Structures are given as C-alpha cells and as structure tokens.
Amino acid sequence: MTAAIANNKTFHERSSCPACKCNDSITIYGPPSTDQILRYFYNFYSHQGTFDESIMHSYAYILLECINCKLIYQKFAPSYDLLSQIYDVWINPNIALERHLALPEDFWLNQVHDVAMLKNIITRQGNKDKQKWLDFGAGWGSWALAAEAINVKCFCTELSKYRARYITTRGLSILEESRIPNSNLDLINTNAVFEHLTNPLETLYLLHKGLKTGGILKINVPYRPNYRKAAQNLDLSNVSAANFVAPLEHLNYFPRKTLISMAKLVGFEEITSGFRSRTTLVNMSGQNLITKTKKASLPFRYSFSKVLRGNYVLLKKC
Ligand SMILES: [Zn+2]
C-alpha cells in the first residue's frame with residue numbers, strides 16, 4: 001500500500017522530517033480503518049461543505065514522530081491541487097466567511113491587541129519609519145486590516161483564491177509568495193499556518209529571506225497538552241480532540257522546542273515581547289494597551305481569551 005501511495009499524484013510521501021530533514025522516524029499512530037477516517041471526514045466537513053470520498057483509494061492517515069526533533073507529522077501530504085480543493089471547495093467559502101464574521105468580540109479584540117503589541121516591539125528597536133509587514137496565509141484578512149488600522153503597510157499572501165479575492169475587496173494588497181522581496185519586511189505574521197505546511201523548513205527560509213536583519217517573525221501554531229499521548233491514543237470520532245493533528249490539514253504538530261530548533265537552523269533567535277503576558281494585554285483597556293511594557297516574560301502558551309490556544313513564538317532574524 002505504501003509504495004502505491006508514494007507513486008500517487010494526489011498524495012506524496014514525506015520520506016524525511018519536514019522540520020529538520022532527519023530520515024529516521026517512528027510511527028505513533030495509524031492507519032485507522034477506512035470506516036473511521038470516512039466518519040471523521042463526514043463529521044468534520046459535512047457541516048462546512050463537502051468532501052470527496054474518492055481520495056480514500058489513495059489515502060492513508062499515519063502520524064510519524066521524528067527521532068531527532070520530535071516533530072509529529074502526517075506521513076502523506078496532499079498535493080497542491082488537493083489542498084486547493086479542500087480550502088476552496090470542500091470548505092464552502094460562503095459558510096466559512098459567515099462563520100468568520102460571526103466570531104465573538106474577543107477574537108477581534110485579540111487581533112487589535114496582537115498588532116499593537118508587535119508594532120510596539122519594532123518601534124522600541126528604534127524603527128521610526130512606516131513599517132512594512134506581511135501576513136503570510138492571511139485568511140480573510142482581519143489581522144492585516146487591524147495592522148493597517150495602526151498605520152502599518154501590511155501585504156498578504158493567501159493560498160485560497162476565494163479568500164485572496166475577498167482580501168482585495170477589503171483594500172488589502174496581495175503578494176505572491178514568489179515575489180516576497182529580499183530583506184525588506186519589518187515583520188511577518190503566521191497565524192495558524194505552519195501546522196498546514198507541506199514543507200515548513202523551506203517556508204521558514206523563504207520568510208527569513210524576506211525580513212530585514214532584526215525583523216520579527218511571529219509563529220502561532222496549535223498547542224495540545226500531552227500531545228504525544230493524545231496522538232498515540234487518537235480518537236478520530238472526537239473531531240475537536242483530534243484537531244491538533246487534523247487529517248489532511250494539520251500536517252505538522254510542533255512541540256515548542258521543535259519550533260525553536262527549526263527556527264535556529266534557519267537563522268532566527270527567539271525573543272520575548274517585553275510584555276508581562278498575553279493575558280495582561282487582553283485584560284487591558286485600549287488606551288493602556290501598549291504603555292504597560294513591564295518585565296520581559298515568555299509569551300508562549302497563552303490562552304487567547306478562550307478563542308484560540310496556541311504555541312505563540314516570536315523570532316528575530318539574526
Ligand atoms: Zn525532525
């Protein structure tokens with residue numbers, strides 16, 4: 001079965017770790033039965049669109065753990081064409097937009113807090129010019145709009161054609177990945193992006209190249225307590241519990257140390273925000289937002305006010 005899948009164009013086998021290129025891994029989950037995975041697809045996609053059962057002929061959901069960096073990754077990654085299908089057809093764009101716009105107030109407030117904090121960090125480095133940012137994988141463009149509202153020029157990349165079109169109707173500028181300029185950007189945001197990437201290490205090099213020296217990369221990826229045990233005992237009938245390694249979509253699960261070691265390989269160093277915590281920011285009123293810069297602390301596993309939970313990492317280009 002493995003050889004057949006490896007030769008199939010719908011999926012390709014990831015024969016080395018996508019974060020460190022190590023060739024040694026162990027299987028920690030899978031494959032589940034066809035029935036289990038079909039039921040998962042039905043539960044996950046039917047209320048937000050549809051799914052194409054025919055992929056099951058060439059699909060095996062298997063989770064590997066890298067011996068070296070401990071990344072947990074899906075052995076088979078969808079092709080670019082299948083990914084486009086998933087994000088623009090299976091997930092009905094109209095339903096997705098409706099759900100996005102109906103997110104609770106906390107979500108929107110957090111976008112504003114996040115961009116304000118990040119702008120403050122770069123301003124503190126002595127940058128007085130208008131800052132140039134990139135929201136890599138910008139989704140519906142809400143974060144980028146928040147950035148533009150505080151006088152930052154924020155470009156966007158977006159894989160989904162439908163979302164990219166929507167972004168432009170909101171007055172934002174789309175930038176093709178291949179046209180990210182060298183050493184030009186003050187900051188790059190990646191929110192809920194790296195877990196989706198087929199080749200995260202290559203993408204990290206690309207983003208590193210786009211930043212000025214001293215520029216900041218923000219990575220926010222899913223966080224799951226006791227992730228290893230959860231992966232080994234994965235219950236696909238519970239869609240939300242399986243979300244940190246969602247079949248076809250969350251191709252990588254990054255333990256925090258893995259994320260940092262991958263970033264070091266590329267030429268980043270981790271920094272702290274200088275803010276006491278994300279929670280402090282969330283609880284502050286708007287006018288006090290960026291004035292309370294107290295002792296440095298780790299802004300890592302924060303609770304995004306019940307809206308998002310993530311491994312939140314800030315990296316500086318050395
Ligand atoms: Zn690895």
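Me: Before we get to the helices, what are the axes here, and how do the angles run?
Reply: Axes are lines fitted to C-alpha atoms, for helices over the stretch in contact, and the angles run from 0 to 180 degrees between N-to-C directions. Please keep in mind throughout that this is a predicted model.

Me: OK, so at what angle do α8 and α10 pack?
Reply: Helix α8, residues 200–210, packs against helix α10, residues 256–266, at an angle of about 55 degrees, and their axes are 10 Å apart. Angles under 35 degrees count as roughly parallel and those from 65 to 115 as roughly perpendicular, and α8 and α10 are therefore oblique to each other.

Me: And which hand does the crossing of α8 and α10 have?
Reply: The crossing in which α8 passes α10 is right-handed.

Me: Which residues meet there?
Reply: From α8 the residues are L201, L204, Y205 and H208, and on the α10 side they meet M262, A263 and V266. Sorted by class, the residues of this contact of α8 with α10 comprise six nonpolar, one polar and no charged.

Me: I was looking at F268 too. Where does F268 lie, and is F268 buried or exposed?
Reply: F268 lies in strand β12, which covers residues 268–271. The cut-off for a buried residue is 20 or more other C-beta atoms within 10 Å, and F268 is buried because it has 24 of them within that distance.

Me: What is F268 in contact with, if we skip its neighbours within four places in sequence?
Reply: With those neighbours left aside, F268 is in contact with H208, L217, A263, L315, K316, K317 and C318. Two of these residues came up a moment ago, since H208 belongs to α8 and A263 to α10 in the contact between those helices.

Me: How far apart are F268 and H208?
Reply: In sequence F268 and H208 are 60 residues apart, whereas in space the C-alpha to C-alpha distance is 7.8 Å.

Me: Switching to another helix pair, how do α5 and α6 cross?
Reply: The axes of α5, residues 105–124, and α6, residues 142–149, come within 9 Å and cross at roughly 55 degrees, and the two helices are therefore oblique to each other. The crossing of α5 and α6 is right-handed.

Me: Which residues make that contact?
Reply: On α5 they are Q111, V112 and V115, and on α6 they are S142, W143, A146 and A147. By class, the contact of α5 with α6 has five nonpolar, two polar and no charged residues.

Me: Now the sheet: what is the order of the four strands?
Reply: The sheet is open, with the order β2-β3-β4-β11 and antiparallel pairing. The edge strands, each of which pairs on one side only, are β2 at 25–29 and β11 at 252–253.

Me: Over how many bridges do β4 and β11 pair?
Reply: β4, residues 72–74, pairs with β11 over two bridges in the antiparallel sense, and Y73 has N252 in β11 as its bridge partner.

Me: What about backbone oddities, say which residues does a cis peptide bond join?
Reply: Most residues other than glycine have a negative phi, and most peptide bonds are trans. A cis peptide bond joins G30 and P31, with omega about 0 degrees, and P31 is placed in the loop between β2 and α2.

Me: Which residue in the loop between α6 and β7 should I look at?
Reply: N151 lies in that loop, and its phi is near 65 degrees, a positive value in a residue other than glycine. N151 is exposed, with 9 other C-beta atoms within 10 Å.

Me: And what is phi for A192?
Reply: A192 has a positive phi of about 55 degrees although it is not a glycine, and A192 is found in the loop between β9 and α8. With 15 other C-beta atoms within 10 Å, A192 is partly exposed.

Definitions and conventions. Residues numbered from 1 in each chain as written. Predicted model: local features only at pLDDT ≥ 70, side-chain atom pairs only at ≥ 80, totals over all residues. Buried ≥ 20, exposed ≤ 12 C-beta atoms within 10 Å, placed from the backbone. Contact = placed C-beta atoms within 7 Å. Parallel < 35°, antiparallel > 145°, perpendicular 65-115°, else oblique. Left-handed = near helix turned anticlockwise from the far one by under 90°. Nonpolar A, V, L, I, M, F, W, Y, C, P; charged D, E, K, R; others polar. Pairing = 2+ DSSP bridges.
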